[in-house]
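Biologist: I would like a close look at a single part of this protein, with the residues named one by one. Please begin with that part and then set it against the rest of the chain.

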Amino acid sequence: MKKLLYHLILAIFFLPLSPAKSFAQEPVVKDTTVAILQTIPVTEIIIQATEVNTRLREKRTNLLTDEKREEITSRMDILQFRLGLIREDPRIHNPEELNLRSLENLQSEWQFLDKLFDTEQDYLNEILQIKEENKAEVHKLLVLWELTSVTINEETAVDLVLEQVETTLSDIRETESQIETDSKFIQEELVKITSGVIFTNEVLEAIAEAHQEMARSLLSLDSPPIWKEFKSKKDSTIVFEQERSLLDDTMIGFRDFYNQYSHRIWLHLVLSLIIIIFIFILYHNLSHTLPEEETPEIIAVKNITTRPLASGWLISVILTFVLYSNFPDSVLLLASLFLFPPIISILRSVITGPARKYIYFPLIATILVELHRIGYSESLLSRLWLLFIILFAILTIYLVFGRKSQREIILSGRLGKVLVAGGFIAFGMLLIAFFGNIVGSISLSEFLTHSIIESATVSLFLYAFVATLNSIITTTIYSNYFKKSSILSQYKELIYRRIKGLINLVAVILLINFVFRIFNIWNAMYPWFKNILLHDIEAGSMTFSLWNIILFFFIVWLTVIIGRLIRTIFEGETGIRDRMRKGAPGAMSLLLRITIFTVGFMLAIAALGVEMDKLTILLGAFGVGIGFGLQSIFNNLVSGIILAFERPIKEGDIIEVGTLLGIVKEIGIRSSVIRTYDGAEVITPNGNLISKELINWTRTDMRRRAEVRVGVAYGTDPQMVLDLLLEIAKSSDKILQTPEPISIFLGFGDSSLDFRLLFWLGDANLRLVLQSEMAVKVNDAIVAAGITIPFPQRDLHVKSVDPNLIDRIKAQDDIAKNQKNLPPSPSK
């Protein structure tokens, strides 16, 4: 009994407690806790126990196995060991005493470690979240079955039911205990990770502060002049002992990189193989479809298509910078080495003339820089190595830009002036770096040298990559698959120019971004630029930024472009028009454009920062405007939607609206275009096509009835004329025989017996031409049959005439007779 009272008090404790007056004043809110604490009926205990057992088995399958625990513990131990090793590095205690290159190397190492910690922390947090959700779900089951256990009537319940309840409770408690154990284990590992994350963040903040301070003091002398270094008695072996082994650092970097990205590395290999095979098949099957023109662009594309391995290799290596967010300098050096062969192969296919033999020089300089970065030490040898790199870069610039003939060839190109200007700027900066190294400004010398060479390498890399993409696009556009599409074949030159322009624009933006990052300009400009774009602008109750405005216009522009593209595809692609019923492509295009414009408008408004409640107010104001000044425009828009759904007319139909007769050329959202038979294109609002009576001569089919009317002289046999007209109609192969042509005797006219020939045509557009031809044939047949076609005649009966008028008429006749009898006048 005490146990029963205890559980009842426990159940009441979970119920929401509220003042008594709230029951009278406030509506009752459904409490999910009460629903959970409702007991299970005795008749459903066995069924519910089976379902609970299934759910518990699912939860137990997600428990951490011993192998999984050992794996997590091992990974955490490796991270802690790695952290303990680099914690002993004396450079992290006084980063402000390091030079620029040492700071960058140290920052790269700690950024890689920080990424490892973040990855493991996210992984453990995900596991912990699942454990907590499972624990909460199992705990609800435990409360439910405990309440059921104490409220069940032991006198009426079967022993088997009571035993099932206790067994289920035991399984639930055991599962909850196992989940709790896993949760505690994950939390303990998270505590270890969190301490490492905090420490790495502190070190990175200190390095960043030292880096900023070092950037501000680049012009200072941080080392003695080089001639004093030669006189120094400093033992070089001590300097090398202060640095860790280059081989050890490289091996550790490779090992950590593989442990973090092992799955992505194998994925990278598979994707690389697929890309190389795809490029090989593409070039092999489509290279023969290129035009025979010998323009420089086509020649370059043809040369690149002979190197499918280099193109696929280049794209595969680029995936390194997409699949991996962070990697040590040793992996970066390896990726650079793998990147150079395809770059050299592609550049040799594109670049012609004397400059071709100097392609290797910037790439060799890049390898020298990477070796200097990895094996850097504050020693005379490292300083001399930097001087050698500077002199090599100066020699390269002189060989490329120094000679006048070579410079003129470069200037003849489209970007010649930019390249020459960049070459002279780099030459001047390298001279500064050279003299800076001599006098002792090592940080400035390293910064300028590494930045210039890395910028040149990035430029060559982007140039080779753009050339590769250009070759792929060109071979695709000129392929037979492209020619099968009427739209693509018609606009292939425009498509090629637009895609090429877009690729060049993206390449220029990327180049500027990379150069700014290399010269550390991006870090200084980004906050300023971000503040300008995201600065709040208040207009009444609305708040938006410059970025919202740019995004608004971009979405509007993109919406218009997509709408035009869809219209061009549906209305100009013959393949689509042939597979769909007449008028269906136009209606489909109209519906899609209305949908796209609506969605684009909503997205643009949302991008502008307008909240939905304010948008409702805006639409309400828009509705009021429609009620007054925009009623006709809105009427036309709705009429366009009705035309799209009901489709009373289609493009190509011959319609008549009022006095307007012509062919429907286009059905737009607001208005439609009708081309009259005089050649005029009349833009009529869609509201007129809905509200006015409209005659569609070709809604069902293109058949049209025509007629020829003729009159013959009185006294002609009518039946002979009827038979003659039918014979003319049936003898023409341009006249449909079903429905049959008919001839009709209309009646007795004022001057003739009137007949009418009716016949059907297969193409309504030829009605006037065929009607004219039939009229000519009818005239020829009637004349050949000897039948007279009368003209209107009138008999004039004069009752009285003025005598003076008769005398005047006679006088005029006499004058005319006398003029005829006069001899000709003599010539002068």
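**A helix and its two sides**

Modeller: On the face of helix α5 that is turned away from its buried side sit the exposed residues Asp-66, Glu-67, Glu-70 and Phe-81. Please keep in mind throughout that this is a predicted model. Helix α5 runs through residues 66-87, and its 22 residues reach 31 Å from the first C-alpha to the last, which is close to the 32 Å expected at 1.5 Å a residue. Its buried residues are Arg-69, Ile-72, Met-76, Leu-79, Arg-82, Leu-83 and Ile-86, a list that includes two arginines, Arg-69 and Arg-82. Because these buried residues cover an arc of only 165 degrees around the axis, they lie on the same side of α5.

The chain around this helix can be described in a few totals. It has 32 helices and 10 strands, and of its 828 residues 39% are buried. When contacts are taken between residues at least 6 apart in sequence, 73% of them join residues that are at least 24 apart. The chain exposes about 49800 Å², and carbon and sulfur atoms supply 63% of that area.

Two single residues, taken from elsewhere in the chain, may serve as further points to inspect. Thr-396 is placed in helix α16, which spans residues 380-401, and Thr-396 counts as buried because its relative accessibility is 9%, under the 20% cut-off. A polar atom of the Thr-396 side chain lies 2.9 Å from the backbone oxygen of Phe-392. If neighbours within four places in sequence are left aside, Thr-396 is in contact with Phe-361 and Pro-362.

Pro-291, by contrast, is found in the loop between α10 (246-286) and α11 (296-305). With a relative accessibility of 15%, Pro-291 also falls under the 20% cut-off and therefore counts as buried. Not counting residues up to four places away in sequence, Pro-291 touches Ile-298, Lys-302 and Tyr-478. For one of these partners, Lys-302, there is a backbone distance as well: the C-alpha atoms of Pro-291 and Lys-302 are separated by 9.8 Å, with the two residues 11 apart along the chain.

To return to the part you asked about, α5 has its buried residues on the same side, while Asp-66, Glu-67, Glu-70 and Phe-81 are exposed on the face turned away from it.

Conventions: Residues numbered from 1 in each chain as written. Predicted model: local features only at pLDDT ≥ 70, side-chain atom pairs only at ≥ 80, totals over all residues. Heavy atoms only, no water. Helix = DSSP H or I, 4+ residues; strand = E, 2+ residues; numbered from the N terminus. Buried < 20%, exposed > 50% of the residue type's maximum accessible area, 1.4 Å probe, protein only. Polar contact = N/O pair within 3.5 Å; in protein donor to acceptor, adjacent residues only side chain to side chain. Contact = heavy atoms within 4.5 Å. Expected span 1.5 Å × (residues − 1). Arc of directions from axis to C-beta. Areas by Shrake-Rupley, 256 points an atom, 1.4 Å probe, with all protein chains shown as cover.
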